[in-house]
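Subject: Handover of a structural model

Dear colleague,

Please find below the structure that I am handing over to you. My notes on it follow.

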Amino acid sequence: KSAQTPVLLIHGLEDNKTAPEHSRELHAANPRFTEVWEVPGAHHVDASVVAQKEFEERVLRWFEK
């Protein structure tokens, strides 16, 4: 709750290694400095493949903040 480093949590909704609830819990613990993007159809670490264009746009926008 005291961390002030911005974090973008990208979570595939079909992730079979880490439940999406884990990213939601991290965000809930520090909503001021975190953002969650849940990617439908993405598994563990393949959001950049499943939603390539949106992934690029969101990540670039994140770093522009």
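Which residues make up the largest nonpolar core? There are five of them: Trp37, Val39, Ala42, Ala47 and Ala51. A nonpolar core is taken here as a set of buried Ala, Val, Leu, Ile, Met, Phe, Trp, Tyr and Cys residues joined through side-chain atoms within 4.5 Å. Buried stands for under 20% relative accessible area, exposed for over 50%, and partly exposed for what lies in between (1.4 Å probe, protein chains only). In soluble globular proteins, nonpolar side chains tend to be buried together. Within this core, Ala51 touches Trp37 and Val39, residues up to four places away in sequence not being counted; contact means heavy atoms within 4.5 Å.

On conventions: the model is predicted, so local features need pLDDT of at least 70 and side-chain atom pairs count only at pLDDT 80 or more, while totals for chains, interfaces and linings use all residues. Residues are numbered from 1 along each chain as its sequence is written, and side-chain values use heavy atoms, with hydrogens and water left out.

Overall architecture

The chain comprises three helices and two strands, arranged along the sequence in the pattern β-α-β-α-α. Helices (H or I, at least four residues) and strands (E, at least two) are DSSP runs, numbered from the N terminus. Strand S1 (residues 7-12) and S2 run parallel and are joined by six bridges; two strands pair if DSSP finds at least two bridges between them. The chain passes from S1 through H1 to S2 in a right-handed β-α-β crossover. Right-handed means that, with the strands pointing away from the viewer, the path from the first strand over the helix to the second runs clockwise.

As to dimensions, the C-alpha trace spans about 35 × 25 × 10 Å along its principal axes. The radius of gyration is 12 Å, which agrees with the value near 11 Å for a compact globule of 65 residues. That radius is taken over C-alpha atoms, and the globule rule is 2.2 Å times the number of residues to the power 0.38. Buried residues account for 26% of the 65 residues. Among contacts between residues at least 6 apart in sequence, 61% join residues at least 24 apart.

Individual residues

Ser23 lies in helix H1 (residues 20-29) and is buried, with a relative accessible area of 8%. Apart from neighbours within four places in sequence, Ser23 is in contact with Leu9, His11 and Val36. Two of these partners also face each other, since Leu9 stands opposite Val36 in S2.

Phe55 belongs to helix H3 (residues 52-64) and is partly exposed at 23% relative accessible area. Leaving out residues up to four places away in sequence, Phe55 touches Ile10, Trp37, Ala47 and Ser48. Its C-alpha atom is separated by 25 Å from that of Ala3, 52 residues apart along the chain.

Val45 may merit your attention. Phi of Val45 is near 60°, a positive value in a residue other than glycine. Val45 sits in the loop between S2 and helix H2 (47-50) and is exposed, with a relative accessible area of 73%.

Salt bridges

How many salt bridges does the structure hold? There are five, each being a side-chain nitrogen of Lys or Arg within 4 Å of a carboxyl oxygen of Asp or Glu.

Lys65 forms one with Glu35, the closest N and O atoms being 2.8 Å apart. Lys65 lies in the segment after H3 and Glu35 in strand S2 (residues 34-39), so the pair ties together parts that are 30 residues apart in sequence. Lys65 is exposed at 67% relative accessibility, whereas Glu35 is partly exposed at 26%.

In helix H3, Arg58 and Glu54 are four residues apart and thus separated by about one helical turn. Their salt bridge has its closest N and O atoms 2.8 Å apart. Arg58 is partly exposed at 23%, and Glu54 is partly exposed at 35%.

Salt bridges that share partners also join Glu21, Arg24 and Glu38 into one network. Within this network, the side chains of Glu21 and Arg24 meet at 3.2 Å, N to O. Glu21 and Arg24 are three residues apart in helix H1, and therefore about one helical turn lies between them. Glu21 is partly exposed, at 39%, and Arg24 is partly exposed, at 36%.

With kind regards
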